[in-house]
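Please look through the model shown below, and keep it at hand while the paragraphs that follow lead you from one part of it to the next.

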Amino acid sequence: MNELKKLYLQLNKYIKRYGVLIGVNFLMTILAGVTAAAPLALVNRLFDKGISGGSEKDILYAACSMIGLAVMGGFLIYLSTIFSGRISTGIYRDVINDMYVKIQSLDLKFFTEIKVGELMVRFTNDAQNINTMILNLFNLLSYVVQAVVLFSIAMYTDWKLTLSIVVITPILIQIVKKYAKKLKKAGKDRQEATGDLNSTLQETISGIKVIKAFATESYEKSKFKNLTNKLRVHSMNSIRYDAKSNSITEGLNYIIVALLLMFGGYRVIRGHGFTTGHFITVIGAISAMYTPAKRSVGTINNINNNSSAIERVFEIMKLEPEIINGENPVKFDTFKRDIELSNVFFSYNDDEDYVLKDINLYVKKGETVALVGNSGGGKTTIANLIPRFYDVSKGSIKVDGIDVRDYEIKSLRRNIGIVPQETFLFGGSIKENIRYGNRHATDDEIIRAAKMANAHEFIVKLSDSYETEIGERGVLLSGGQKQRIAIARAILENPQILILDEATSALDNESEKLVQEALEKLMLEKTTFIIAHRLSTVINSDKIVVLQKGEIKEMGTHHELIAKNGIYKSLYERNFED
Ligand SMILES: Nc1ncnc2c1ncn2[C@@H]1O[C@H](COP(=O)(O)OP(=O)(O)OP(=O)(O)O)[C@@H](O)[C@H]1O
């Protein structure tokens, strides 16, 4: 019952949405339950008046009534199943929609901390389990109603005989209670194991190249086997508890019927107005009670088995993003003057372990700033702070004199274009991928952007030109081609501030030239931060910032820094010279 209450509380918002349908279905389910159990009430008349009394009229009456109830019952069951389905699939849809909206709102940090496979399980298995549970609840209601009606018929016919048998009920309740807890725990373990399995599978698919390159297939296989074994153990636990609970209830049923036959048989022989009709009615009702009672136990077990799914779904729903709009946020419209980082400190884990320390950087509109330095120096982190993917721990970042935390986030981000190191293209056509930069762009604008990005020429050579599907269903593009599509996308977005994370992977000379040209066109008249790996971008930058262990060690133009003969010069000689 506790579980049901928790289920209700968490799903309350969704249940309310379907209030009327739930109410109607509630009544329908009760009626269906009553109709399914009612024929037993006619048995007495069939036997005592019909068969024993030799009245064909009563036999016909009982038979026709049973047929009538059967037709009505069938109709009600059909309707209540459809209604239950409408409710459960509706709630399922709303839950996963809400969960999707929720994860879209969460900070980047969440996605670096959770495994993709794990998140997928919450959307698929766990949310689907909620759907099943709602269906189960209506089934449970129907079973309980059937059991109550059958019990009432038996009590009405002969309460003494019925009660003498029903004393066994508390044992049944104890069994259900005992296994409910165990099943819940086993269900949770099983769902967690499924999550681990999915994460590993997802990692294998994404990292297949690494696995093959390192020839670690056997290692991965044994890791996977361990996980499938673990899943099997937890699944077996669920099955074992279910089996124990089932076998005990099944065994009790036979005992109950045997006792009934014995006590009932005695009473028929001894008379006292107890007829064969009464005997068959009580036996029939009590045995018929067994099916809904057993199904109720099974359904309760099932609910317990899957109830942790709800918790796992609502764990996500409960999360709140930390990076949100402040009160009365300023809409970012036109970038006018400058960007200024003042005494910026940043740590990923909200501790004193700063990965950026006392960063001061002033960038005028139209300037190009190259961020250079050893790996782990903090280049990407600085780039992440400007569009507020993370918030500074101390200090401030101001755009046109206004702290980025005071801007409306979406308007700020819409004006900051990002070309990441690893180009990500969505499934769909090339045109759709470029249009991602501006949903309202016309075909002409898309082609113009592709031309500027040096992508048009290779696109028109593809089988379906701009309509060519990318990835799984279509062509696979080369690294340089993907980059140029990403650049076309950014050109179409036409942001005022640009963050470029130059790809480190080497392209051949021709491709490199095309990408470089495209980037230069993209950067035209924009204020650009480049995480730079290429010689030309570094040399031509207005400002080069040398980062080391989270601190700015040097800053200036290429010539100034070379003349300084410091870190930049040695970095330059090492990395860029040839
Ligand atoms: N999501 C994260 N959570 C915790 N620490 C992180 C995270 N991302 C980066 N770091 C740490 O922050 C520091 C700076 O990383 P950053 O990615 O900014 O360096 P980088 O200069 O861009 O390096 P690279 O050139 O290798 O990309 C590193 O020590 C890194 O381990």
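Leu341 has Leu361, a residue of strand 2, as its bridge partner, and this pair belongs to a set of six bridges that join strand 1 (residues 338–346) to strand 2 in the antiparallel sense. Here two strands are said to pair if DSSP finds at least two bridges between them, while the strands themselves (E, at least two residues) and the helices (H or I, at least four residues) are DSSP runs that are numbered from the N terminus. What you see is a predicted model, in which local features need a pLDDT of at least 70 and side-chain atom pairs count only at pLDDT 80 or more, whereas totals for chains, interfaces and linings use all residues. Residues are numbered from 1 along each chain as its sequence is written.

Strands 1 and 2 are part of an open sheet of four strands, which follow one another in the order 2-1-4-5 with antiparallel pairing. Strand 2 (356–364) and strand 5 (402–403) stand at the edges of this sheet, and because each has a single partner strand, one side of each is left without a neighbour in the sheet.

In the loop between strand 1 and strand 2 you will find Asp350, whose phi is near 55°, a positive value in a residue other than glycine. Is Asp350 buried or exposed? A residue counts as buried if 20 or more other C-beta atoms lie within 10 Å of its own, as exposed if 12 or fewer do, and as partly exposed in between, with the C-beta atoms placed from the backbone. Asp350 has 9 other C-beta atoms within 10 Å and is therefore exposed. Asn494 also has a positive phi, of about 50°, although it is not a glycine, and it lies in the loop between helix 17 (479–493) and strand 9. Because Asn494 has 17 other C-beta atoms within 10 Å, it is partly exposed.

Strand 9 (residues 497–501) leads to a set of parallel pairings, for it is joined to strand 6 by four bridges, the two strands running parallel. Within that pairing Ile418 stands opposite Ile499 of strand 9. Strand 9 also pairs with strand 10 in the parallel sense, over five bridges, and there Leu500 stands opposite Ile530 of strand 10. Strand 10 in turn pairs with strand 3 (residues 368–373), again in the parallel sense and over four bridges, with Ile531 of strand 10 as the bridge partner of Leu371.

How do the side chains of such strands point? In a regular strand the side chains alternate between the two faces of the sheet. In strand 6 (residues 416–419), Ile416 and Ile418 point one way and Gly417 and Val419 the other way, and all are buried. Strand 10 (residues 527–531) has both faces covered, since Thr527, Phe529 and Ile531 on one side and Thr528 and Ile530 on the other are all buried.

Beyond strand 6, in the loop between it and strand 7 (428–429), lies Gln421, which counts as partly exposed because it has 14 C-beta neighbours inside 10 Å. The C-alpha atoms of Gln421 and Asp391, two residues that are 30 apart along the chain, are separated by 22 Å.

Which residues surround the ligand? They are Thr112, Tyr348, Val355, Gly373, Ser375, Gly376, Gly377, Gly378, Lys379, Thr380 and Thr381, where a residue is taken to be near a molecule if its C-beta atom, placed from the backbone, lies within 6 Å of it. Helix 12 (residues 379–385) provides the largest share of this shell, three residues. By class the shell has two nonpolar, eight polar and one charged residues, where Ala, Val, Leu, Ile, Met, Phe, Trp, Tyr, Cys and Pro count as nonpolar, Asp, Glu, Lys and Arg as charged, and the others, Gly among them, as polar.

Turn finally to the helical part of the chain. An unreviewed UniProt entry carries the annotation "domain: ABC transmembrane type-1" for residues 26–305; its positions are given in the numbering used here, feature names are shortened, and annotations may be inferred rather than shown by experiment. Over residues 26–305 the chain is 92% helix and 0% strand, and the end C-alpha atoms are 24 Å apart. Helix 11 (residues 276–318) has 43 residues and should span 63 Å at 1.5 Å a residue, which agrees with the 61 Å between its end C-alpha atoms; the expected span is 1.5 Å times one less than the number of residues. Helix 11 bends by about 35° at Asn306, the bend being the angle between axes fitted to the seven residues ending there and the seven starting there.
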